Amino acid sequence: MNIKSNEIASLIKAQIKNYSHKIESNDVGTVVTVGDGIATVYGLDKAMMSELLEFPHGVYGMVMNLNEDNVGAILFGNDSLIEEGDIVKRTHRVVEVPVGDNLLGRVVNALGQPIDGLGEIKYSSTRPIERIAPGVMTRKSVDQPLETGIKAIDAMIPIGRGQRELIIGDRQTGKTAIAIDTIINQKGKNCYCVYVAIGQKNSTVVQLVEKLKENDAMSYTTVVSATASELAPLQYIAPYAGVTIAEEWMEQGKDVLIVYDDLSKHAVAYRTLSLLLKRSPGREAYPGDVFYLHSRLLERACRLSKDYGGGSITALPIIETQAGDISAYIPTNVISITDGQIFLQTELFNAGQRPAIDSGLSVSRVGSSAQYKCMKQSSKALKIELASYHELQAFAQFGSDLDDSTKRTLVHGDVLMEVLKQNQYSPMSFVRQTIEIFAAQHRYLDSLEISEIRAFLDKLWVALKNQHPEIIKELEETKSLSDELSSSLKEAIKNIKESLVK
């Protein structure tokens, strides 16, 4: 990658020769070095940051370094086609991606080009991938829930429309499963979805798209894919392309959910580029601006005020930890940028608790103000009860004689953990979640065997729909548990339990 002395001599000669044609050299440059998806270009005096450059053989690049005598560019195509001495042209525009409703149901690459074999995407407009996030005065506070359909989240760690909630945990703990279930649950809820796959296997993305199709979720979803086999520059711009697609809908007054899966790999791709561009490495070899990398991305997720259309982008960034270490560099960066985190624990996952959410370390700093009143009423003591249960569980394994109060707490805790279990690809309505948690909180399930609870809850839901549709209807309409409705629900659960449990 070092510039040879004879190349320097030839460049100086060319400079002297073309001194009178200085204006022309502003728009045309020469490749000095190329390799590993990076090109150093001489002569683009007026190039802009993030400007799109045109290389020979249909290869495009983007300006990343503005040095005194050259420009450092990242390439979006095969760098083996580019040679030293090739001519590079400015395009006078920054990198853009197509936007609009025609992207729904499609799988595109980081440049917005279709890769699903379904033909060309007709689009009417494009937007630059880099954009300043909406200011404070254009935003509105989060006051509408984004239902995930997952009991443990909607009850304890609620997410509001316009919030940024981090999903964090080791590999193979079900992080993507939570994001996909949330996308599936947006069916019929007037919310568009964007899923950005960064650094994943091609086969994983294909399986994921198939699952979304099976659950009829692709009709309102766009998948942006920059897999592990693709160049680091494409992995770097993929999340920005995803949020740009989402912003178009947000500014039309629509609600959008965007998933970044995952930003750990995004940070690694950026580190690769930075080191190849000879930027100074800082902590853990990441460049000093790696915080800005994710903050400028996640700040673009917000809820706009009515004057600006009232749309929203809810972001679910995913971060992979090593051995559950949430105090590592990239995890702490993203935790400080987001409005809370859902922490998935390997021990819980291996013990059969799915989703494996750690209720102690997980938090939502915004969503509780957007939570439905009925959910808030039925689950208000849930976190405290689980905390007491986990604390006593640690002590109980050392002692054989336990008093009745401790035994009751442990039994109730076991019941709550069982109630919070949920199969993948089966999100629940907020009414069913409320009823199941209500039954658990009022200890109607404590007398049952743990193995009987899930079957009983299925039967309870069917019986309530058949025998007491007025309760379900009132919950759907009011989204609140009045004293009268609470009494009716208790009576109904009690009677159904007596008829089902002989």
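In this predicted model, the largest cavity is lined by Pro 145, Leu 146, Glu 147, Asp 154, Pro 158, Ile 159, Gln 371, Tyr 372, Met 375 and Phe 430. Sorted by class, that lining comes out as 7 nonpolar residues, 1 polar residue and 2 charged ones. The space inside the largest cavity is about 90 Å³, and the search turned up 1 cavity of 30 Å³ or more. As for how such gaps get spotted, rolling a probe the size of a water molecule over the atoms shows where empty space is left.

One of the cavity's lining residues, Phe 430, also belongs to helix H14, where it is buried. Phe 430 has plenty of company there: 12 of the 12 residues of H14 are buried, so the helix is largely enclosed by the rest of the structure. The buried set takes in charged side chains such as Arg 432 and Glu 436, along with Val 431, Ile 435, Ile 437 and Phe 438, among others. H14 reaches 16 Å from its first C-alpha to its last, close to the 16 Å expected for its 12 residues at 1.5 Å a residue. After the helix comes Arg 443, which has a positive phi, near 60°.

Just what sits in the loop between helix H13 (404-419) and helix H14 (430-441)? Gln 422 has its place there. With a relative accessible area of 8%, Gln 422 falls under the 20% cut-off, so it counts as buried. The side chain of Gln 422 has backbone atoms to pair up with: one of its polar atoms lies 2.7 Å from the backbone oxygen of Gly 149, and a polar atom of that side chain is also 2.9 Å from the backbone nitrogen of Lys 151.

Next up is the largest pocket, which holds about 980 Å³ of space. A total of 34 residues line the pocket, and those nearest its centre are Gln 172, Gly 174, Lys 175, Thr 176 and Ala 177. Helix H4 (175-184), helix H5 (202-214) and strand E14 (312-320) each chip in at least two lining residues. H4 gives the most, with 6 residues. By class, the pocket lining splits into 10 nonpolar, 12 polar and 12 charged residues.

Another helix worth a look is H6, which runs through residues 232-250. Its 19 residues reach 28 Å from the first C-alpha to the last, close to the 27 Å expected at 1.5 Å a residue. Even so, H6 isn't quite straight: there is a bend of about 35° at Ala 238, and a proline, Pro 239, follows within four residues. H6 is mostly covered too, with 19 of its 19 residues buried.

Over in helix H17 (residues 483-500) sits Leu 485. Its relative accessible area is 3%, which is under 20%, so Leu 485 counts as buried. Measuring from C-alpha to C-alpha, Leu 485 is 51 Å from Ile 237 in space, and the two are 248 residues apart in sequence.

Finally, the overall picture. The protein has 17 helices and 16 strands, and 54% of its 502 residues count as buried. Along its principal axes, the C-alpha trace spans about 100 × 50 × 40 Å.

Definitions and conventions. Residues numbered from 1 in each chain as written. Predicted model: local features only at pLDDT ≥ 70, side-chain atom pairs only at ≥ 80, totals over all residues. Heavy atoms only, no water. Expected span 1.5 Å × (residues − 1). Bend = angle between axes of the 7 residues up to and from the residue. Buried < 20%, exposed > 50% of the residue type's maximum accessible area, 1.4 Å probe, protein only. 1 Å grid on protein atoms, 1.4 Å probe; cavity = no way out; pocket = protein on both sides within 12 Å on 5 of 7 lines; lining within 4 Å. Points joined across faces, edges and corners; volume = space filled by probe spheres on them. Polar contact = N/O pair within 3.5 Å; in protein donor to acceptor, adjacent residues only side chain to side chain.
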